[in-house]
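The following note sets out numbered points for a colleague who is examining the coordinates. Each point takes up one aspect of the model.

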Amino acid sequence: MPTAAEAKQLGMPKNVPLLAVFGAVRDASGQPLVVVEVLLSADRHELEDAYPVA
């Protein structure tokens, strides 16, 4: 659930859950270069993943 500050910044109700998405960019050796966390209101967003089958 969002904190009061998060709900205010995102313009969302306090009783709507947040989706937390983490992303990382890594170099060829696997070292992380950038890591970000994106918070999305669960009533406005849907997440979908796709994975190749090999």
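Two strands are taken as paired if DSSP finds at least two bridges between them. The points below concern a predicted model.

1. Overall content. The protein holds 1 helix and 2 strands. Along the sequence these elements follow the pattern α-β-β.

2. The hairpin. Strand 1, covering residues 18–26, and strand 2 run antiparallel and are joined by 9 bridges. The two strands make a hairpin that leaves 5 residues between them. In the turn, Gly30 has a positive phi of about 95°.

3. Register. Two pairs of opposite residues help to fix the alignment of the strands by eye. Leu18 of strand 1 faces Ser41 in strand 2. Gly23 stands opposite Val36, which is likewise placed in strand 2.

4. Ser41. This residue belongs to strand 2, which spans residues 32–41. Is Ser41 buried or exposed? Its relative accessibility is 5%, and buried means under 20%, so Ser41 counts as buried. Beyond its neighbours within four places in sequence, Ser41 is in contact with Met12, Pro17 and Leu18. Leu18 is thus both a contact of Ser41 and the residue opposite Ser41 in the strand pairing.

5. Ala20. Ala20 is located in strand 1. With a relative accessible area of 46%, Ala20 is partly exposed, because that class lies between the limits of 20% and 50%. Which residues does Ala20 touch, not counting those up to four places away in sequence? They are Glu37, Val38 and Leu39. As for a longer separation in sequence, Glu48 is 28 residues from Ala20 along the chain, and the C-alpha atoms of the two are separated by 13 Å.

6. Gln9 and the helix. Gln9 sits in helix 1, made up of residues 4–10. A relative accessibility of 70% places Gln9 in the exposed class, since exposed means over 50%. Gln9 and Asp27 are 18 residues apart along the chain, and their C-alpha atoms are separated by 33 Å.

7. Dimensions. How does the radius of gyration of the protein stand against that of a compact globule of 54 residues? The protein has 15 Å, whereas such a globule would have a value near 10 Å. Taken along the principal axes, the C-alpha atoms fill a box of roughly 40 × 25 × 15 Å.

8. Burial and contacts. Buried residues account for 11% of the 54 residues, and Ser41 is one of the buried residues. Of the contacts between residues at least 6 apart in sequence, 22% join residues at least 24 apart.

9. Surface and charge. The exposed area of the protein is about 4600 Å², and carbon and sulfur atoms supply 57% of it. The side chains include 4 positive and 7 negative ones. The centres of these two sets lie 13 Å apart.

Conventions
Residues are numbered from 1 along each chain as its sequence is written. This is a predicted model: local features need pLDDT of at least 70, side-chain atom pairs count only at pLDDT 80 or more; totals for chains, interfaces and linings use all residues. Side-chain values use heavy atoms; hydrogens and water are left out. Helices (H or I, at least four residues) and strands (E, at least two) are DSSP runs, numbered from the N terminus. Buried means under 20% relative accessible area, exposed over 50%, partly exposed in between (1.4 Å probe, protein chains only). Contact means heavy atoms within 4.5 Å. The radius of gyration is taken over C-alpha atoms; the globule rule is 2.2 Å times the number of residues to the power 0.38. Accessible areas come from the Shrake-Rupley method with a 1.4 Å probe; for residues, only the protein chains shown count as cover. Lys and Arg count as positive and Asp and Glu as negative; His and the chain ends are not counted. The place of a charge is taken as NZ of Lys, CZ of Arg, CG of Asp or CD of Glu.
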